[in-house]
Every structure is written in C-alpha cells, then in structure tokens.
Amino acid sequence: MDRAEAFAVVTPEYNRSFPASLKQAIDAAYDEWHAKPVGFVSYGLRSYGTCAVEALRGVFAELHTVTVRDVVGIDLLVDAERRTESQARAATALLDQLVWWGMALREARARRPYMT
C-alpha cells in the first residue's frame, strides 16, 4: 500500500453504511493512506451505495487522504445494459481525478514529506 499513488475503494451499501470488513481492511494501514487520493465505487439497491460513500468520506478524512468528488455508483436493480454508458463516463471521471491528484500529491510529498 505504501507504494500506491492512489486508491479506488469498492464497497457495497450495507444498512446505510459500509461493511465492518471494509473498515477493518482500512484500519490495517494508517500512515500508508496519508496525503494520497481515494475514489469510490459503490453499489446498492436503489441508492447506488451513496450512504456508504458518505460514511467513508469521514473515515478517510481522519486518515489524511484527499477524497475525489466523482463516484461510480451502481444500482443493482437497473439492467446492466442500461447502466453501462453512464457508468463508463463516471469511471473515466473518477480515474482522471485519481490520476491528477495522485501525480500532484506524489510531487508534493517528494518536495516536502507529509507530517501528521
């Protein structure tokens, strides 16, 4: 994880939040998250996993990350053929933001190490 420049976190929505197993995986690292961008891919029924993403934004703020604005949200009730085009646009936007922030923060960390 330390060598990664950016992260895409994939999560289901579970009881209006994210599952405990994901929190455990996030907590397994600490310093490795600092000053790196995080994006989200979420899924759920009707909600696209929005509540899970909003709950995770607070978790990642405490880990000193930069969370990107765009999210890939998947409604499991919508036919896969109907959601392909909009999800492709969302994925492109998310990945473009992760690349931009990943490069910018890598350069910043190289010039001045991030301190908590």
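1. What span should the 13 residues of H2 have at 1.5 Å a residue, and how far apart are its end C-alpha atoms? The expected span is 18 Å, and the end C-alpha atoms are 19 Å apart, so the two agree. Note that this is a predicted model.

2. H2 covers 50–62. Its buried residues are Ala 52, Val 53, Leu 56, Arg 57, Val 59 and Phe 60. An α-helix has 3.6 residues a turn, so residues three or four places apart point the same way. The buried residues of H2 pack against S1, H1, S2 and S3. Just after the helix, His 64 takes a positive phi of about 60°.

3. The largest nonpolar core has 15 residues. Strand S1 (7–12), helix H1 (20–27), strand S2 (37–44) and helix H2 each supply at least two of them. H2 gives the largest share, five residues. Val 9, Ile 26, Trp 33, Val 38, Phe 40, Leu 56 and Phe 60 have the most contacts inside this core.

4. Look at Ile 26 in particular. Leaving aside residues up to four places away in sequence, Ile 26 touches Trp 33, Leu 56, Val 59, Phe 60 and Leu 63. A second core, separate from this one, has six residues. Among them are Val 68, Val 72, Leu 94 and Leu 98.

5. Now the surface. Val 10, Tyr 43, Leu 45, Leu 76 and Leu 77 make a nonpolar patch of about 470 Å². Leu 77 sits in the loop between strand S3 (66–75) and helix H3 (80–111).

Terms used: Residues numbered from 1 in each chain as written. Predicted model: local features only at pLDDT ≥ 70, side-chain atom pairs only at ≥ 80, totals over all residues. Heavy atoms only, no water. Core = buried A, V, L, I, M, F, W, Y, C linked by side-chain atoms within 4.5 Å. Buried < 20%, exposed > 50% of the residue type's maximum accessible area, 1.4 Å probe, protein only. Helix = DSSP H or I, 4+ residues; strand = E, 2+ residues; numbered from the N terminus. Contact = heavy atoms within 4.5 Å. Patch = residues over 30% accessible without salt bridge, like charges linked within 9 Å, V, L, I, M, F, W, Y side chains within 5 Å. Areas by Shrake-Rupley, 256 points an atom, 1.4 Å probe, with all protein chains shown as cover. Salt bridge = Lys/Arg side-chain N within 4 Å of Asp/Glu carboxyl O. Expected span 1.5 Å × (residues − 1).
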